[in-house]
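Subject: Structure for your review

Dear colleague,

Please find below the structure I wished to pass on to you, together with its sequence. My notes on what was found in it follow directly after.

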Amino acid sequence: MSEPDSESRSEIAVVLPDGSELAVEAGATVEDCAYEIGPGLGSDTVAGKLDGELVAKEEPVYDGARLEIVTEDSEEYLRVMRHSAAHCLAQAVERQFDDPKLAIGPPTDDGFYYDFDDLDVDEDDFAALEAEIEEIVAADYEIEREEVSIEEARDRLADEPYKLELLEELAEEGEQVTFYGQGEWADLCAGPHVESTGEVGVVKLLEIAGAYWRGDEENPMQTRIYGTAFESETDLEAFLTRMEEAEERDHRKIGAEMDLFSIQDVTGPGLPLYHPAGKTVLRELERFVEELNEDAGYDYVETPHVFKTDLWHKSGHYENYVDDMFVFDVDDDEFGLKPMNCPGHAAIFQDHSWSYRDLPIRYAENGKVYRKEQRGELSGLSRTWAFTIDDGHLFLTPEGIEREVEAIMDVIIEVLETFDLDYGMALATRPEKSVGGDEIWERAEDQLESVLEKRNYDYDVEEGDGAFYGPKIDFEFEDAIGRGWDGPTVQLDFNMPDRFDLSYVGEDNEEHEPVMIHRALYGSYERFFMMLIEHYEGRFPLWLAPEQVRVLPISDDNLGYAHRVANEFEGFRIEVDDRDATLERKIRAAHDDRVPYQIIVGDDEEDEGTISVRDRFEDQEFDVGTGEFREHLEAERAEKRSEPDFLAD
RNA sequence: GCCUGGGUAGCUUAGCGGUAAAGCGCGUCCUUGGUAAGGACGAGAGCCCGGGUUCAAAUCCCGGCCUAGGCUCCA
């Protein structure tokens, strides 16, 4: 919003990416600033970023703004171009369909979409729409930005109810809005856009989905067309290849191939069944946390899957959470499947009286919980109705927070590093609505911060992002293909002790309220398992692999020897491929089944009493003694190494 | 919950009104093979469930179940 004349001579300053300041006249646009830096940059300017927000180059800058100039070489350029591609799609749709109503059409991380109402389109129409878009691109219409008064915009948009709704909101903010036009078509739009439709590259429409107007279930559902655009055919091909590779890693596909788990019609939605191979992996994961928990002084407890809802009233879950719970009547009482393990653990703690000398008390349980997620949200193992948490609850004195959190963080980091996951962490502090006194919040936050500082961890602070019942440290991590996941958390809880009226006797012989900590290392086994399947593409490290070694006899004559060799590896998950098939076929199958090691035995080995060891990477060593190999396997398994490395140099 | 796809052999899929197909896997036989698919034959299918239209339905229509993706990254 530029002020009139009197101000126009005054100077303002913007901050450039290198940290330097650029002084310009008030009212200067992004493009003016670019020319100020250099004429070359000025003429290359496509758009700008003001304090991280993508804006049109015609937008005025404001004092103190961080300014970035977007040119054709910028990362953001693709976003701008895709926004223009979305306009081309809308133009094509309006040419081919009878009076669809326009909603919004922004770029996304992977492409763009445009929402329409009153549009009856299906994927069979994509070819014709793509052809129309191609024509629009080939026509190379100039994309013209136009500033229009609210009244005129109202006139132009008389036939576009959704655009009018947006316009009325914009009318409260200013007198002018902008339109972007190309050929016979124009749209109310903030921009920015490329110069002409000819700059839009290769467009591909991907799918049709429903989307509520403004994401609100109360609003009508519109037809959303997703697409993507790239500067070249090669880039598009690369994108499609990446999509296919991600599909290859899909845990549902690998889960079926490796016979890990199933989700079946008869058993119901979001209720996975683990087959022997899948449960083998899960058991290894369970053993791993059990060892860690025992080392860290946790006591294992067990609670049932279902409780009277009295417990859920007491914990507060009933009031806040009942819509997401499975509840049912039994005789005259109401029961509910547990959505969390903490109330059960609090109830165990409450059943004793405690001295400060007993604390901290640490309970652990691999507890299955049930949450009635919306059916449309269910997806493979990543979102289920039933899942198991490697839950841990600690009851401690407020003074003990720092020590315990430090210990928990060490274990979490050990877990993440065991799976070769890059991670980051964030401290989430007190939100506006919260329970617990100022003093305890302050003390707790200080202690969390002190752990982070003491260990020199790199962390973000997320102000006000804590739970209402306490502050927390959240981990997030990245898998092998760079996807981000929510990881373990350490949460302090001042609410549950209060609701359960938990207490311990302090040094002063007075009753005090303990602080509770919730922590999980994996979080949900289901989701962690899913992530691991995709992270490793099913090629699990030796310690996790459902089948660790497969013996391949070269001919039937070597079958007996093959079984004798297998017996030498008792305690490992080893199979003999005793099918009537060629060695090639057996090797092929072992690769397809993602077995870490193959032992090949033929007449040569049998005569020498040795084996040949082959791994996933097609490396092989002959004349290996079974004892030597076994020793290696034991070490590789015990150290949880991520790749088979017997043959690594 | 709502929108758009999908549900056919153990797995992956073709067929889309007229006798249910293929590849992988599995079984039997031939082959006894030295480093990523040797060959032949064979078994295996309530075509998700229920209703309807039709001389005839895996196929078309209606309802249900399950499943995949989507449901603000705001003009």
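Gly 571 sits in the loop that links α18 (559–567) to β29 (574–576). Please note that the model is predicted. Gly 571 is classed as exposed because its C-beta neighbours inside 10 Å number 9, and the limit for that class is 12 or fewer. Its C-alpha atom lies 9.6 Å from that of Glu 634, although 63 residues separate the two along the chain.

The strand that follows this loop, β29, belongs to an open sheet of 5 strands with mixed pairing, ordered β29-β28-β30-β31-β32. β29 and β32 (620–624) are the edge strands; each has a single partner, so one side of each is left without a neighbour in the sheet. From one strand to the next, the twist averages 25°. Strand β28 (residues 549–553) runs parallel to β29, and 3 bridges join them. Within this pairing, Val 549 has Ile 574 of β29 as its bridge partner. Helix α19 (residues 583–592) packs on the sheet, where it touches β28 and β30 (597–601), and its direction makes about 170° with that of β28.

As to the whole of chain A, its secondary structure amounts to 21 helices and 32 strands. The C-alpha trace spans about 90 × 75 × 60 Å along its principal axes. Of the 649 residues in chain A, 35% count as buried. When contacts between residues at least 6 apart in sequence are considered, 67% of them join residues at least 24 apart.

UniProt, in an unreviewed entry, lists residues 274–541 as "domain: Aminoacyl-transfer RNA synthetases class-II family profile". Over residues 274–541, helix accounts for 35% of the chain and strand for 29%, while the end C-alpha atoms are 19 Å apart.

I turn next to Ala 13, which lies in strand β1 (residues 11–15). Is Ala 13 buried, exposed or partly exposed? Ala 13 is partly exposed, because 14 other C-beta atoms are found within 10 Å, and that class falls between the limit of 12 or fewer for exposed residues and that of 20 or more for buried ones. Beyond its neighbours within four places in sequence, Ala 13 makes contact with Glu 21, Leu 22, Ala 23, Asp 63 and Gly 64. Measuring from C-alpha to C-alpha in the model, Ala 13 and Ala 26 are 8.7 Å apart in space and 13 residues apart in sequence.

There is also an open sheet of 3 strands, in the order β4-β3-β5, with antiparallel pairing. Its edge strands, β4 (53–56) and β5 (67–70), each pair on one side only. On average, neighbouring strands of this sheet are turned by 30° against each other, direction ignored. Strand β3 (residues 47–50) pairs with β4 over 4 bridges in the antiparallel sense, and Gly 48 stands opposite Val 55 of β4. Helix α2 (residues 30–37) lies across β3, β4 and β5 and runs at about 85° to β5.

Finally, helix α4 (residues 76–96) and helix α5 (residues 126–139) have axes that come within 9 Å and cross at roughly 115°. This crossing of α4 and α5 is right-handed. Among the residues that make the contact are Cys 88, Leu 89 and Val 93 of α4, and Leu 129, Ile 133 and Ile 136 of α5. By class, the contact of α4 with α5 comprises 9 nonpolar, 2 polar and 2 charged residues.

With kind regards

Note on methods: Residues are numbered from 1 along each chain as its sequence is written. Chains are lettered from A and ligands numbered from 1 in the order in which they are written. This is a predicted model: local features need pLDDT of at least 70, side-chain atom pairs count only at pLDDT 80 or more; totals for chains, interfaces and linings use all residues. Helices (H or I, at least four residues) and strands (E, at least two) are DSSP runs, numbered from the N terminus. Two residues are in contact if their C-beta atoms, placed from the backbone, lie within 7 Å. Two strands pair if DSSP finds at least two bridges between them. Axes are lines fitted to C-alpha atoms, for helices over the stretch in contact, and angles run from 0 to 180 degrees between N-to-C directions. A crossing is left-handed if the near helix is turned anticlockwise from the far one by less than a right angle, and right-handed if clockwise. Ala, Val, Leu, Ile, Met, Phe, Trp, Tyr, Cys and Pro count as nonpolar, Asp, Glu, Lys and Arg as charged, and the others, Gly among them, as polar. UniProt positions are given in the numbering used here, feature names are shortened, and annotations may be inferred rather than shown by experiment.
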